[in-house]
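Please open the structure in the viewer and keep the selection tool at hand. The stops below proceed from one selection to the next.

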Amino acid sequence: MLAGALLIVALGALGWFQRGDRREFAFFKALAASDARQQRFRLWIVKAAIAFALPALVGLAWLGRLDAIALLPPEFDPLRAALPYLHHGTGSFLWGMVGGAAVGGVGVAVWAAVRRRQGRGMPGPIGDAAALMPRNRAEIGHAALLSITAGIAEELGFRLYLPLLVALVTGSAGLGFGVATVLFAAMHRYQGWAGILATGAIGVLLAAVYLMTGKLWVAMLLHILIDLNGLVLRPLLGGAGRVSASGASPS
């Protein structure tokens, strides 16, 4: 009963976050002033914390399951058993995986920067997300904070809390992760179908990493690295870091 009520509240929080998102993103794309863009970044940071992290923390506390943040819930065991499980003594492997993801992200960003310097243009992000790319140093700082907030809050919500609630209500961890992944992808509908599909694939990857390692922090870190690569590293290599909030670049 409690899990069902908390699931309704969690879905309501997601609905609040998504309400008018296409309209909001269209408004954001039309913004020219950096101050207004930074204000929107700050709004998204707060909304992500309220919609994803807050319900998860309060709900887990209410269920008496805050330990699930550090320990894989036993409700996920049937699904975990279907995947390779990286347990005990795999610290070096985990850091190697995280390091490999970071190096790969840097490599992609450097390749994109080289293309730009060669006059072939900077490859755009998947889906309709080009407007999110920071244009100056101040926006890069906001994008970095948004990346960290999203990585933590969204993993709490979509890789732990929602799957757990659905599993408690239905008895199926597979259904829990399936519903959470679909909702995670739908959260990015403002980016069009390409963005939805790409985000869905990332959601599947992060869920698999979480289940195989049993460590939510690994999924959080990978999520943060993915977002930092797109919203911070690539704009920096593209020259946005040399532009001040006023639009001037140092001579």
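Begin by selecting G230, which lies in helix α9 (residues 216–237); helices (H or I, at least four residues) and strands (E, at least two) are DSSP runs, numbered from the N terminus. The model is a predicted one, in which local features need pLDDT of at least 70 and side-chain atom pairs count only at pLDDT 80 or more, while totals for chains, interfaces and linings use all residues. Residues are numbered from 1 along each chain as its sequence is written, and side-chain values use heavy atoms, with hydrogens and water left out.

Is G230 buried or exposed? With a relative accessible area of 19%, G230 is buried; buried means under 20% relative accessible area, exposed over 50%, and partly exposed in between (1.4 Å probe, protein chains only). Now add M133 and P235 to the selection: leaving aside neighbours within four places in sequence, these are the residues in contact with G230, where contact means heavy atoms within 4.5 Å. M133 is 97 residues from G230 along the chain, yet their C-alpha atoms are separated by 7.8 Å.

**The whole chain**

Next, display the entire protein chain, which has 9 helices and 0 strands. Buried residues make up 45% of its 251 residues. Among contacts with a separation of 6 or more, 79% are between residues 24 or more positions apart. The accessible surface comes to about 12,100 Å², and 69% of it belongs to carbon and sulfur atoms; such areas come from the Shrake-Rupley method with a 1.4 Å probe, and for residues only the protein chains shown count as cover.

**Helix α2**

Select helix α2 (residues 21–29), whose buried residues are D21, F25 and F28. Seen down the axis of α2, these buried residues fall within an arc of 55°, so they line one face of the helix; the arc is that of the directions from the helix axis to the C-beta atoms. The cover over the buried residues of α2 includes α1 (2–18) and α3. On the face turned away from the buried side, look for the exposed residues R22 and R23.

**W62 in helix α3**

Move on to W62, found in helix α3 (residues 34–63). W62 counts as exposed because its relative accessibility is 58%. Not counting residues up to four places away in sequence, W62 touches L2 and L6. From W62 to L2 the C-alpha to C-alpha distance is 8.8 Å, although the two are 60 residues apart in sequence.

**L83 between two helices**

Select L83 in the loop between α4 (77–80) and α5 (91–117). L83 is partly exposed, with a relative accessible area of 31%. Beyond residues up to four places away in sequence, L83 touches A208, L211 and M212. The C-alpha atoms of L83 and M212 are separated by 6.3 Å, with their positions 129 residues apart along the chain.

**Helices α6 and α8**

Finally, select helix α6 (residues 137–170) and helix α8 (residues 192–213), whose axes come within 10 Å and cross at roughly 70°. Axes are lines fitted to C-alpha atoms, for helices over the stretch in contact, and angles run from 0 to 180 degrees between N-to-C directions. The crossing makes α6 roughly perpendicular to α8 (angles of 65 to 115 degrees count as roughly perpendicular). Which residues meet here? E155, R159 and L160 in α6 meet G203, L206, A207 and Y210 in α8.

Notes
Parallel < 35°, antiparallel > 145°, perpendicular 65-115°, else oblique.
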